[in-house]
Amino acid sequence: MLIGQFWGTSAAEGIPAPFCRCPGCEEARKNGGKSLRTRSCFRLSDKIMLDLGADAVTQSAKFGDLADVEHILITHTHEDHLNPHMFMELVWGRAYTPKKPTHFYLTEDAFKMVEHWRKTPWIVKGILPKLEKEGLVVFHKLSFGERIEIDGCGITPLEGNHKGNVGENSALYLIDLPDGRKLFYGLDSGPYLPQTLEALKAHQIDLFISECSLGLSDAKNPGHLSFPEVETLLKQLADQGTLTAKSHVWISHISHRTSHPEMVAAAEKLSFPFPVEIAWDGLKIL
Ligand SMILES: [Zn+2]
Ligand SMILES: [Zn+2]
Ligand SMILES: [Zn+2]
């Protein structure tokens with residue numbers, strides 16, 4: 001059953017960021033609501049999550065339990081997207097819910113993190129090999145450009161231009177939904193790599209999700225996109241036919257530097273043949 005709900009829509013710092021008093025964080029403290037953002041995470045269906053990061057426990061209290069989730073697609077190994085504490089949550093929770101395996105999917109280079117966890121006693125008490133032996137946790141290696149099928153969805157990771165904790169390139173997920181629509185989850189993409197733009201030429205995306213980790217500033221960061229860079233990317237994707245009048249774009253993984261009302265105002269000024277909206281925690285799009 002498709003759900004398509006943003007569970008978290010902030011960049012790594014969260015909004016408000018705990019040590020920060022910038023105008024964006026102060027606006028969120030004052031107004032709450034859509035201005036409050038937890039770390040990025042997306043519930044695709046009852047069985048599939050995209051990332052399981054630093055705020056997953058709080059998000060689950062708000063949006064529903066994870067007992068039915070069987071597959072977790074990881075974009076990359078930064079802690080805002082993948083929090084090893086969640087392995088312990090499986091131990092505690094599966095004592096009271098059906099003891100089925102939870103499958104985690106990471107791309108080849110990101111898998112170095114799994115190999116590290118298997119060896120170290122200093123992350124979740126070194127419990128991972130035991131959980132794998134018991135079949136509670138199963139890891140799968142993905143390759144960029146190679147499609148796999150999970151619960152009626154066709155999943156293809158494309159190469160992002162953002163380096164995770166073990167130096168891996170992030171995974172941007174192209175997803176063929178069971179109803180025929182195509183969803184693209186492009187968080188921590190950085191400026192798109194030529195091979196990724198090329199791969200996207202073969203697809204018309206119905207639901208396109210982009211990062212905007214630098215907010216409205218024209219700051220440059222090799223691993224992230226600012227709002228002006230998102231605009232340029234959308235133009236490029238429209239020119240090559242990946243985005244069409246039938247597409248719908250959402251912006252997520254948003255910086256604390258720009259408040260929600262400022263982001264919404266900037267998105268309203270764009271002129272594309274498709275809507276571009278600012279995501280917020282709890283928004284459902286499927
Ligand atoms: Zn991130
Ligand atoms: Zn701030
Ligand atoms: Zn990251």
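**Exercise 1. Find how β7 is joined to β8, and place β7 in its sheet.**

Step 1. Three bridges join β7 to β8, a strand covering residues 153-163, and the two run antiparallel. The model examined here is a predicted one.

Step 2. For a residue pair that shows the register, take Ile 148, which stands opposite Ile 155 in β8.

Step 3. Now widen the view to the sheet. It is open, has seven strands and follows the order β7-β8-β9-β10-β11-β12-β13, with mixed pairing. The edges are β7 (148-150) and β13 (276-278); each has a single partner strand, so one side of each is left without a neighbour in the sheet. From one strand to the next, the twist averages 30 degrees.

**Exercise 2. Which strands of this sheet does helix α7 touch, and which does helix α8 touch?**

Step 1. Helix α7, residues 227-239, packs on the sheet and touches β11 (207-212), β12 (248-254) and β13. The direction of α7 makes about 150 degrees with that of β11.

Step 2. Helix α8, residues 260-269, also packs on the sheet, where it touches β12 and β13. Its direction makes about 175 degrees with that of β13.

**Exercise 3. Describe the surroundings of β12 and trace the chain through it.**

Step 1. Start with burial. A residue counts as buried if 20 or more other C-beta atoms lie within 10 Å of its own. Six of the seven residues of β12 are buried, so this strand is largely enclosed by the rest of the structure.

Step 2. Take the partner β11. Six bridges join β11 to β12, and the two run parallel. Within this pair, Glu 211 stands opposite Ser 252 in β12. The chain passes from β11 through α7 to β12 in a right-handed β-α-β crossover.

Step 3. Take the partner β13. Three bridges pair β12 with β13 in the parallel sense, and Ile 251 stands opposite Ile 278 in β13. Here too there is a β-α-β unit: β12, α8 and β13 make one that is right-handed.

**Exercise 4. What is the strand order of the six-strand sheet, and which strands stand at its edges?**

Step 1. The six strands form an open sheet in the order β1-β2-β3-β4-β5-β6, and the pairing is mixed.

Step 2. β1 (2-8) and β6 (137-142) stand at the edges, each with a single partner strand, so one side of each lacks a neighbour in the sheet. The twist averages 20 degrees from one strand to the next.

Step 3. For a pair inside the order, look at β2 (residues 41-45) and β3 (residues 48-50), which run antiparallel and are joined by two bridges. Phe 42 has Leu 50 in β3 as its bridge partner.

Step 4. Helix α2, residues 56-63, packs on this sheet, touching β1 and β2. The direction of α2 makes about 130 degrees with that of β1.

**Exercise 5. Work out which face of α2 is buried and which is exposed.**

Step 1. List the buried residues of α2: Ala 56, Gln 59 and Ser 60. Seen down the helix axis, they fall within an arc of 100 degrees, so they line one face of α2.

Step 2. Recall the geometry: an α-helix has 3.6 residues a turn, so residues three or four places apart point the same way.

Step 3. Assign the partners. The buried residues of α2 pack against β1, β2 and α3 (85-93).

Step 4. Turn to the face away from the buried side, which carries the exposed residues Val 57, Ala 61 and Lys 62.

Step 5. Check the end of the helix. Gly 64 follows α2, and its phi is positive, near 130 degrees.

**Exercise 6. Is Ile 285 buried or partly exposed, and which residues does Ile 285 contact?**

Step 1. Ile 285 is found in the segment after β13.

Step 2. Ile 285 has 16 other C-beta atoms within 10 Å, so it is partly exposed.

Step 3. Leaving aside neighbours within four places in sequence, Ile 285 is in contact with Gly 4, Leu 207 and Trp 250.

**Exercise 7. Summarise the whole chain.**

Step 1. The protein has eight helices and 13 strands. Its radius of gyration is 18 Å, close to the 19 Å that the globule rule gives for 286 residues, so it is as compact as a globular protein of that length.

Step 2. The C-alpha trace spans about 55 × 45 × 35 Å along its principal axes.

Step 3. Buried residues make up 44% of the 286 residues.

Terms used. Residues are numbered from 1 along each chain as its sequence is written. Chains are lettered from A and ligands numbered from 1 in the order in which they are written. This is a predicted model: local features need pLDDT of at least 70, side-chain atom pairs count only at pLDDT 80 or more; totals for chains, interfaces and linings use all residues. Two strands pair if DSSP finds at least two bridges between them. Helices (H or I, at least four residues) and strands (E, at least two) are DSSP runs, numbered from the N terminus. Axes are lines fitted to C-alpha atoms, for helices over the stretch in contact, and angles run from 0 to 180 degrees between N-to-C directions. Two residues are in contact if their C-beta atoms, placed from the backbone, lie within 7 Å. A residue is buried if 20 or more other C-beta atoms lie within 10 Å of its own, exposed if 12 or fewer, and partly exposed in between; C-beta atoms are placed from the backbone. A crossover is right-handed if, with the strands pointing away from the viewer, the path from the first strand over the helix to the second runs clockwise. The radius of gyration is taken over C-alpha atoms; the globule rule is 2.2 Å times the number of residues to the power 0.38. The arc is that of the directions from the helix axis to the C-beta atoms.
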